[in-house]
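Subject: The structure I promised you

Hi,

Here is the structure I said I would pass on. Have a look at it first, and then read my notes underneath.

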Amino acid sequence: MGLNIISRRHFLGRTAGLAAGAFAGPNLLLRGQNTAGKKLNLAIIGANGKGQSDTQGVTLDHNIVALVDVDMNRLNEAAKKREDHHLKSGQQAPAAPKLYQDFRKMFDEMANEIDGVIVSTPDHTHYVAAMHAIKHNKHVCVQKPLCNYIGEVRELHKAAADAKITTQMGNQGRTMEGQRMAKEWVEQGAIGTLKEIRLWTNRPIWPQGPLVKKAAEVPAGLDWDLWLSSEATEPYFEFEIPEGMSAKRGNSIHPFNWRGWWQFGSGALGDMGCHIMDATFSILGQLIPEKIDATSSPISDTCAPVWSDLVYHMPAGKHAAMKVSWQDGSKDGKPNKPEISPHMTSELAKKAFDKASSGMMFIGTEGTIFEGEAYCGSPVIYNEERYTQVRLDMKAGKIKKTETRSVMPNNPQGEWAHHIVNGGLPSSNFDYSCPLTEFVLLGNLAVRAQQSVQWDKQGMKVSNVEAPNKFVSRPAYRDGWKA
């Protein structure tokens, strides 16, 4: 996804004071401001790339006091882009933030100047950066997936709950109208009884599969030791691109191709699952699957596959027990997609399905909710006659709005900041997004096991076979990194 340039938004419904006990963190009122018009002091860890759009979600309404990036060239670029964004929005240039390559040094030097931290680094650094922020009693917003190991997700959730801070994950679909509307349709019978869910994505759009490392020079400006963070020290590397695999993204691990490596990223599933599986997780009542079946192209100890097919077996809850399928990548040069829903018979429906590189189908007894993109932002219903009737029912008030809407649609960082100031819970706070991330990562656990796995949620372990349990938690942390 490209940079999402977010226009200036003003906080809604500012109150004259904080509700008693709304915040445990004393740092919120250190500077003697009341909540009306409160500007937070925020730090961004992982300042360029996705961090740049995350910055733009809050920079016009708050103070960015620190930017952190292990690549000095990208760090300076991020600072300039932020300044340009203010000027293009009709504001004067903001006060320059302090620049750091090491977030630990930032906390050592200016922790008492920071209210909240946004973490937008590669996946393997999410946990250590967020835990440092939590240990300093800072509110945290972390990009998806929260972590790339389930054990880290659980630890992060507990630490944040104990600290009583305001939390958020950066899955923007959770803030959108469409996801809430789809849930209301399902619950109020718009497609009859929900029977099955099919999900897919064209990711990976970077090299995956059994890749071979080769030694390379560290790119100018990059502190590779800091980039590795908690991972074991190793020389910088590039990789050989297998014959037939696209070289469009190059063969350098930095700044983009880390996603396919188990130690740094979480493959296609981790990259897009917290978006595409989000509406499913919400609609099914935030349940965790009991069993996951997996098949895939060849994997290695180091890299995720070129494609995978998963079936999540969901227990009964708000709906009857059902299967949720997930497909990613491409097979034999063709997108790895599910079969089209039997309700999507018109030429319009077929064209919409063919065009959708990522998407979801919620298949009921009387119709299908279809969304041809990752965020469930604009779902529709097939067949078309059914959709026409549903819209009439919505207009007449027969299908009601029962889900709370976000105060800042399509801006999870802005929503997070709003709730730090005004109280209340962000849409993807850790009570929601930690189990969502676990739901997603269970697919990777099955892929790495190369077989079906049965998940013991209470015990946080695979119960039917022992070997995959070594993938539940990160094997080790380098000294000096785990907070």
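Let's start with a small one: is Asp-293 buried, partly exposed or exposed? Asp-293 is partly exposed, since its relative accessible area is 22%. Its salt-bridge partner is Lys-291, and the closest N and O atoms of the two are 3.9 Å apart. Lys-291 is partly exposed as well, with a relative accessible area of 30%. Before you go further, keep in mind that this is a predicted model.

**The two domains**

The protein chain splits into domain 1, which is 41–172, and domain 2, which is made of 174–205 + 265–462. Between their C-alpha centres there are 27 Å. How many residues of each domain are in contact with the other? On the domain 1 side there are 34, and they meet 39 residues of domain 2.

Putting the two domains together buries about 3,100 Å², and carbon and sulfur atoms give 63% of that area. In domain 1, the residues that lose the most area to domain 2 are Ile-150, Gln-168 and Gln-172, which together make up 25% of what that side buries. Two salt bridges cross the interface between domain 1 and domain 2.

There is also a record to compare with. An unreviewed UniProt entry annotates residues 41–169 as "domain: Gfo/Idh/MocA-like oxidoreductase N-terminal". In the model, that span is 46% helix and 19% strand, and its end C-alpha atoms are 19 Å apart.

**More salt bridges**

Side chains of opposite charge can pair when their charged atoms come close. The structure has 25 salt bridges, so here are a few to look up, with the 4 Å limit between nitrogen and oxygen in mind.

Try Lys-80 and Asp-84 in helix H2 (residues 72–88): they sit four residues apart, about one turn of the helix. Their side chains meet in a salt bridge with an N to O distance of 2.8 Å. Both ends are partly exposed: Lys-80 has a relative accessibility of 45%, and Asp-84 has a relative accessible area of 24%.

Next come Lys-98 and Glu-113, which form a salt bridge with their closest N and O atoms 3.7 Å apart. Lys-98 is in strand E3 (residues 98–100), while Glu-113 is in the loop between helix H3 (103–110) and strand E4 (116–119), so this pair ties together parts that are 15 residues apart in sequence. Lys-98 is partly exposed at 40% relative accessible area, and Glu-113 is partly exposed at 31%.

Now for Asp-271, which forms a salt bridge with Lys-144; here the closest N and O atoms are 3.0 Å apart. What about Arg-259? You will find Arg-259 in the loop between strand E9 (237–240) and helix H8 (267–276). Arg-259 counts as buried because its relative accessible area is 17%, and the cut-off for buried is under 20%. Leaving out neighbours within four places in sequence, Arg-259 is in contact with Trp-206, Gln-208, Gly-265, Ser-266, Gly-267 and Asp-271.

**Two cysteines without a bond**

Why is there no disulfide between Cys-147 and Cys-434? The sulfur of Cys-147 has its closest cysteine sulfur in Cys-434, 7.1 Å away, and that is too far for a bond, because a disulfide needs the two sulfur atoms within 2.5 Å. The count for the structure comes to zero disulfides. Both of these cysteines are buried: Cys-147 has a relative accessible area of 0%, and Cys-434 has one of 2%.

**A buried phenylalanine**

Last one: Phe-370, which lies in strand E15 (residues 368–371). Phe-370 is buried, with a relative accessible area of 5%. Which residues does Phe-370 touch, not counting those up to four places away in sequence? They are Trp-200, Met-344, Ala-352, Phe-353, Ala-356, Met-360, Met-361, Pro-379, Val-380 and Tyr-382. Pick out Ala-352 from that list: Phe-370 and Ala-352 are 18 residues apart in sequence, and their C-alpha atoms are 9.0 Å apart in space.

Have fun clicking through it!

Technical notes:
Residues are numbered from 1 along each chain as its sequence is written. This is a predicted model: local features need pLDDT of at least 70, side-chain atom pairs count only at pLDDT 80 or more; totals for chains, interfaces and linings use all residues. Side-chain values use heavy atoms; hydrogens and water are left out. Buried means under 20% relative accessible area, exposed over 50%, partly exposed in between (1.4 Å probe, protein chains only). UniProt positions are given in the numbering used here, feature names are shortened, and annotations may be inferred rather than shown by experiment. Helices (H or I, at least four residues) and strands (E, at least two) are DSSP runs, numbered from the N terminus. Domain bounds come from an automatic or database domain assignment. Contact means heavy atoms within 4.5 Å. Buried area is the accessible area (1.4 Å probe) that two parts lose on being put together, summed over both.
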